[in-house]
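Open the model in your viewer and keep the selection panel at hand. The tour has two stops: a pocket, then a sheet.

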Amino acid sequence: MSENSFDIVVIGGGPGGYVAAIRAAQLGLKTAVIEREHLGGICLNWGCIPTKALLRSAEVYTMMKHADSFGISAGNVTFDLAKIVKRSRTISRRLTQGVAYLLKKNKVTVIDGTAKLKSNSLVGVTGKDGSALPDISAKHIILATGARARVFPGLEPDGELVWTYKEALVPKELPKSMLVVGTGAIGIEFASFYNALGVDVTVVEVMDRILPVEDEEIAALAQEQFVKQGMTIHAGTTVEKLDKANGQVTATMKAKDGTASQITVDRVILAVGIVGNVENIGLEELGITTDRSHVVVDEWSQTNVAGVYAIGDLSSAPWLAHKASHEGIICVEKIAGLPDLHPLNTSNIPGCTYCTPQIASVGLSEKAAIEAGHEVRVGRFPFQANGKAIALGEPEGMIKTVFDAKTGEMLGAHMVGAEVTELIQGYGIAKTLETTESELMHTIFPHPTLSEMMHESVLDAYDKVIHI
């Protein structure tokens, strides 16, 4: 095999692409990754990791402001925005360097440049200086080019007054007021961060409620906490236009009942979804099928063109880093011909939102389960009845479980409260193992822990709850 010929070429070095490349190399396949910007993709550089670093700083600041309630005197607590941002960017760079090390360790060839399909086995590459690099041939090509922020006419970001997630991650100064458009994970996490630092935050959501992908009851509890923390929330509201003047932005909004209103703020963050990076990678020339900016694939990530695959945010929902990584592994193992493979079951993919309070879920919401034809049993357990939550000083929240009343199958689990993004994996394992309510009830959970609430929620669904 020549220097520019590979078994697998992955276009894009994000959490889907680099993981797929490492797994391919582990299986003995000669592998290359072509990356135009930075290894780790949006997740490591401008998404998952740096936002969590910012949120951790906000969490520590909030805790320090309430240190007296823990018997600790902290004096006049302040923060340094530049240092908060610097810490976030340092963590991001460290992890990006870690990805480069892992690829090198696994003998994956990394090519810096922009890729474009010439055929289902040939990739053209343009270097960062604009020069043409040698074509790369491959038996299999995996597209992992990711996605970018969606932009609507009249709401275009300018990088100064109207931000996307990139500008929101590296503020030079703290605005006094802010409008966040959209209440998915990105929007509500930034709203939580800036609100914690004292910004007057208003949140707008076009759907009838915030956090539209979450269970309604969980979303309502989260909203109560957001409002208690000082956020202003407008659900069922559309931002019609943004007018800029004198260093501020005036947003014209319309509620579903037709009522119009305006708000003037220092900054606007747009978090209204994503579009796949499908442009200029050769999809049209090869006749690869797309649907609303995402590549259409089968259960093994295969496109309609033999030898070409698509994973992660470029393909189907949910658009999550851990879904992309798992999808990449399944795709590569299928290519390698490994036995006993299972396609990705999206109902087993947990979702996490790192606002305060945190939100996490897996599987069907109560409403979705009923709409799917299930007769359900639902269990609930409040944080305020859990000793560890009270000791932590974070008694706000709830764990909710949804079961099929006939079979005992756990259909979904939904949480809001402290550290639920760490707890959800327990229910994720249970769903993957097709665990029943009986097995969960007979599982012994340690005391004192937050995880005890997971057990009590299951017990509550079957009228056996102990501590409420």
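What volume does the second largest pocket have? About 1,100 Å³. Keep in mind that this is a predicted model.

**Stop one: the pocket**

Select Glu-59, Thr-62, Met-63, Thr-356 and Glu-394. Of the 36 lining residues, these are the closest to the centre of the second largest pocket.

Now colour the elements around them. Helix 3 (48-65), helix 4 (81-105), helix 6 (185-196), helix 7 (216-228) and helix 12 (420-432) each give two or more residues to this lining. Which of them should you show in sticks? Start with helix 3: it supplies 10 residues, the largest share of the lining.

Next, colour the lining of the second largest pocket by class. You should find 14 nonpolar, 12 polar and 10 charged residues.

**Stop two: the sheet**

Move to strands 12, 13 and 14. The three form an open sheet in the order 12-13-14, with antiparallel pairing. Which strands lie at the edges? Select 237-245 for strand 12 and 260-265 for strand 14; each of these edge strands pairs on one side only. Look along the sheet: neighbouring strands are turned by 20° against each other on average, direction ignored.

Then select strand 13, residues 248-255. How many bridges join strand 13 to strand 14? Six, in the antiparallel sense. For a last click, pick Thr-250 and look across to strand 14: Thr-264 stands opposite.

Technical notes:
Residues numbered from 1 in each chain as written. Predicted model: local features only at pLDDT ≥ 70, side-chain atom pairs only at ≥ 80, totals over all residues. Heavy atoms only, no water. 1 Å grid on protein atoms, 1.4 Å probe; cavity = no way out; pocket = protein on both sides within 12 Å on 5 of 7 lines; lining within 4 Å. Points joined across faces, edges and corners; volume = space filled by probe spheres on them. Helix = DSSP H or I, 4+ residues; strand = E, 2+ residues; numbered from the N terminus. Nonpolar A, V, L, I, M, F, W, Y, C, P; charged D, E, K, R; others polar. Pairing = 2+ DSSP bridges. Axes fitted to C-alpha atoms, helices over the stretch in contact; angles between N-to-C directions.
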